[in-house]
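Trainee: Hey, I've just opened this one and I'm new to it. Can you walk me through it?
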Amino acid sequence: MRLKSFALSVWNMVDPIYYACTRLRCVGQDRKNSTFRVRLTSFKGRNVHLSDGSVIEKGDTLLKIHLHNVILLKDMLSIKNEIKKGKFLYRAIEQSLPDLAVYLQHHPKINDIKGIIGITMLNKGVGGLGFEAIPIPNSLYKWVKYVTMIPIYFLSANQPLKHVKKQSPAYLFMSKNVLMQKYGGGGADTALREPIRHA
């Protein structure tokens, strides 16, 4: 516990520097404690067919989501039960998705954005949130993501060595229409508003 607390304290000091050096933008009113940080990305993988009929193709513009891990891990540090940790994370994401829908609604490139994408090891139960978990087909890229995500997994799990071999990174996709219908109060075509200019 002390080692994890120390690691999170160091991470918390370094995180603002990392954030300042990236194109990430916080989502929601409370930016310091925002669950999501996002940036635009051009999809470089194989075509992905989603259950609502949307097709994500190479070159499509997506909103890439990053969990604000240092904030979430600090909140989860005192939770001993793995099931309760999972429920906490699920609720945190669920409560933040409406903010993500608002962010996308007001984005100046909303008409170009096909959906949202993330990469995570924690991909069980995401269907209830509207995400679709898709295996990463490129073995090298999958291994690189695994290596970079292992430190986060060790900080989040109470017994990381017990289940580490079962962890496997996967893409998470959600189409723009599903995000708007589920969290934005309407379809993507009816949700357009005057865009906010982003830096």
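Mentor: Sure. Let's begin with helix α6: what covers its buried residues includes α3, β6 and β8. Keep in mind that this is a predicted model.

Trainee: OK, which residues of α6 are buried?
Mentor: In α6 the buried ones are K176, V178, L179, M180 and Y183.

Trainee: And how do the axes of α3 and α6 cross?
Mentor: Helix α3 covers residues 82-105, and its axis comes within 9 Å of that of α6, with a crossing of roughly 120°. That angle makes α3 oblique to α6. The crossing of α3 past α6 is left-handed.

Trainee: Which residues make that contact?
Mentor: On α3 they are E94, L97, P98, L100, A101, L104 and Q105, and on α6 they are K176, L179, M180 and Y183. Sorted by class, the contact of α3 with α6 has 8 nonpolar residues, 1 polar and 2 charged.

Trainee: Some of those numbers on α3 are spaced three or four apart. Why would that be?
Mentor: An α-helix has 3.6 residues a turn, so residues three or four places apart point the same way.

Trainee: Does α3 have other helix partners? Which residues form the contact of α2 with α3?
Mentor: Let me set the geometry first. Helix α2 spans residues 69-76, and the axes of α2 and α3 come within 11 Å and cross at roughly 140°. That makes α2 oblique to α3, and α2 passes α3 in a right-handed crossing. As for the residues, α2 brings L72, D75 and M76, while α3 brings K85, F88, L89 and A92. By class, the contact of α2 with α3 has 5 nonpolar residues, no polar ones and 2 charged.

Trainee: Switching to the sheet. In what order do the strands sit?
Mentor: The order is β1-β2-β5-β6-β8-β7, an open sheet of 6 strands with mixed pairing. Its edge strands are β1 (25-26) and β7 (132-135), each pairing on one side only. Helix α6, residues 176-183, packs on this sheet and touches β6 (113-120) and β8 (170-175), and its direction makes about 65° with that of β8.

Trainee: How many bridges are there between β1 and β2?
Mentor: β1 and β2 (residues 36-42) pair over 2 bridges, in the antiparallel sense. One to click on is R25, whose bridge partner in β2 is V38.

Trainee: What about β8, is that strand enclosed or open?
Mentor: 6 of the 6 residues of β8 are buried, so the strand is largely enclosed by the rest of the structure. Both faces are covered: A170, L172 and M174 are buried on one side, and Y171, F173 and S175 on the other.

Trainee: And which way do its neighbours run, parallel or antiparallel?
Mentor: β6 and β8 run antiparallel, joined by 6 bridges. β7 and β8 run antiparallel too, joined by 4 bridges. Look at L172 in β8: L172 is the bridge partner of G118 and also of A133.

Trainee: Zooming out, how many helices and strands are in the protein chain?
Mentor: The protein chain has 6 helices and 8 strands. Starting at the N terminus, the elements go α-β-β-β-β-β-α-α-β-β-α-α-β-α.

Trainee: How much of the protein chain is buried?
Mentor: Of the 199 residues in the protein chain, 42% are buried.

Trainee: Last one: what share of the contacts joins residues 24 or more positions apart?
Mentor: Counting contacts in the protein chain with a separation of 6 or more, 72% are between residues 24 or more positions apart.

Conventions:
Residues are numbered from 1 along each chain as its sequence is written. This is a predicted model: local features need pLDDT of at least 70, side-chain atom pairs count only at pLDDT 80 or more; totals for chains, interfaces and linings use all residues. Side-chain values use heavy atoms; hydrogens and water are left out. Two strands pair if DSSP finds at least two bridges between them. Contact means heavy atoms within 4.5 Å. Axes are lines fitted to C-alpha atoms, for helices over the stretch in contact, and angles run from 0 to 180 degrees between N-to-C directions. Angles under 35 degrees count as roughly parallel, over 145 as roughly antiparallel, 65 to 115 as roughly perpendicular and the rest as oblique. A crossing is left-handed if the near helix is turned anticlockwise from the far one by less than a right angle, and right-handed if clockwise. Ala, Val, Leu, Ile, Met, Phe, Trp, Tyr, Cys and Pro count as nonpolar, Asp, Glu, Lys and Arg as charged, and the others, Gly among them, as polar. Buried means under 20% relative accessible area, exposed over 50%, partly exposed in between (1.4 Å probe, protein chains only).
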